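Please walk through this protein model, one sheet at a time. Keep the sequence and the structure open side by side.

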Amino acid sequence: DKVLRLIPENDLHLQFLRNASRTGKVDFWHPHSIDLVTTGKGVDFRVAAHWSSDIQAELEKIGLKYELVSVPIESWTATIAKENPNLISRLVIGQSYEGRDIYLLQVGKRTGSPKPAIFMDCGIHAREWISPAFCQWFVKGAVRTYGTRSPLNSLVNEMDFLVIPVVNVDGYVYSWTEDRLWRKTRSRNFDSDCVGTDPNRNFNAEWCTNGSSRNPCSAI
């Protein structure tokens with residue numbers, strides 16, 4: 001699936017979006033209803049993979065410019081670390097199969113001495129977007145409550161939280177740009193044309209038992 005962003009400029013553009021809404025080909029994200037779409041204001045919507053080419057061709061035909069929504073988390077990690085240097089450090093801990101940086105946010109009061117730490121990873125399954133959103137919510141909560149008398153503030157004073165907002169970064173990007181329901185990584189499998197591996201079934205514990213598969217074409 002793809003997420004498109006556009007700004008309707010006239011009645012022709014509005015009518016096209018209304019018609020697309022009635023067919024069920026698109027799912028409006030912002031605003032959440034076609035009834036709230038007006039000229040001159042931005043619109044984000046998801047379109048299923050098998051309809052995306054048709055929708056994009058029709059948009060070009062009526063002169064309605066659009067852009068594919070990019071994955072914003074990488075820039076978000078840079079911004080929140082820059083804005084909160086006394087609380088957050090941003091580190092690159094490695095690269096993905098396709099060469100993307102994997103970022104870790106170290107969240108905790110700078111004390112100059114070692115502290116206990118909790119490791120938190122999100123986004124191990126590409127299509128589960130709520131997982132990276134939780135890591136973002138947690139980090140924002142630490143920032144928002146820092147310096148207050150909250151339990152979370154007490155924790156970041158005494159401990160460090162090592163947060164990876166997106167572990168499976170290749171799969172996450174692919175779920176935004178190509179296939180909304182993509183779950184695995186984007187690595188290549190030996191002697192197979194099928195792409196990807198389920199990353200949380202690759203730890204050296206209970207390997208390939210219930211809930212897993214030896215078939216490289218399987219989603220798990």
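The model is predicted. Mean pLDDT over the protein chain is 89, and 99% of the residues reach 70 or more. Confidence is lowest in strand 2, where the mean is 84, and highest in strand 8 (residues 160-164), at 97.

Begin with the sheet that holds strand 1. Four strands form this open sheet, in the order 2-3-1-4, and the pairing is antiparallel. Strand 2 (26-30) and strand 4 (66-68) each have a single partner strand, so they stand at the edges with one side left without a neighbour in the sheet. On average, neighbouring strands here are turned by 30° against each other, direction ignored.

Now follow the pairings across this sheet. Strand 2 and strand 3 are antiparallel and share four bridges. In that pair, V26 stands opposite V47 of strand 3. Next, strand 3 is joined to strand 1 by five bridges, again in the antiparallel sense. Here L4 faces F45 of strand 3. Last, strand 1 (residues 2-6) pairs with strand 4 over three bridges, also antiparallel. R5 has E67 in strand 4 as its bridge partner.

What covers this sheet, and what is enclosed? Helix 1 (residues 11-23) lies across strand 1, strand 2 and strand 3 (43-47). Helix 1 runs at about 120° to strand 2. Strand 3 is largely enclosed by the rest of the structure, because four of its five residues are buried.

Move on to the other four-stranded sheet. This one is also open, with the order 5-6-8-7, but its pairing is mixed. Its edge strands are strand 5 and strand 7 (117-121), each of which pairs on one side only. From one strand to the next, the twist averages 20°.

Strand 5 (residues 88-95) and strand 6 run antiparallel and are joined by seven bridges. V92 stands opposite Y103 of strand 6. These two strands make a hairpin with five residues between them. Within the hairpin, G99 takes a positive phi near 90°. On the other side of the sheet order, strand 7 and strand 8 pair in the parallel sense, over five bridges. M120 stands opposite V163 in strand 8. Helix 4 packs on this sheet and touches strand 5, strand 6, strand 7 and strand 8. The direction of helix 4 makes about 150° with that of strand 8.

Helix 4 has a helical neighbour too. Helix 4 (residues 130-145) packs against helix 5 (residues 151-158) at an angle of about 95°, with their axes 9 Å apart. The two helices are therefore roughly perpendicular to each other. Helix 4 contributes F138, G141, A142 and T145 to the contact, while helix 5 contributes L152, N153 and V156. By class, the contact has four nonpolar, three polar and no charged residues.

Which elements cover the buried residues of helix 6? They include strand 1, strand 2, helix 3 (73-83), strand 6 (101-107) and helix 4. Helix 6 (residues 169-177) is largely enclosed by the rest of the structure, because seven of its nine residues are buried. The buried residues are V169, D170, G171, Y172, V173, S175 and W176.

Look more closely at Y172, which is found in helix 6. Its relative accessible area is 5%, so Y172 is buried. Y172 and I124 are 48 residues apart in sequence, yet their C-alpha atoms are 8.6 Å apart in space.

I124 also turns up in the surroundings of N168. N168 is found in the loop between strand 8 and helix 6. Is N168 buried or exposed? With 4% relative accessibility, N168 counts as buried. Leaving out residues up to four places away in sequence, N168 touches G123, I124, H125 and A126 along one stretch, and R183, K184, T185 and P199 as well.

Note on methods
Residues numbered from 1 in each chain as written. Predicted model: local features only at pLDDT ≥ 70, side-chain atom pairs only at ≥ 80, totals over all residues. Heavy atoms only, no water. Pairing = 2+ DSSP bridges. Axes fitted to C-alpha atoms, helices over the stretch in contact; angles between N-to-C directions. Contact = heavy atoms within 4.5 Å. Parallel < 35°, antiparallel > 145°, perpendicular 65-115°, else oblique. Nonpolar A, V, L, I, M, F, W, Y, C, P; charged D, E, K, R; others polar. pLDDT = per-residue confidence, 0-100. Buried < 20%, exposed > 50% of the residue type's maximum accessible area, 1.4 Å probe, protein only.
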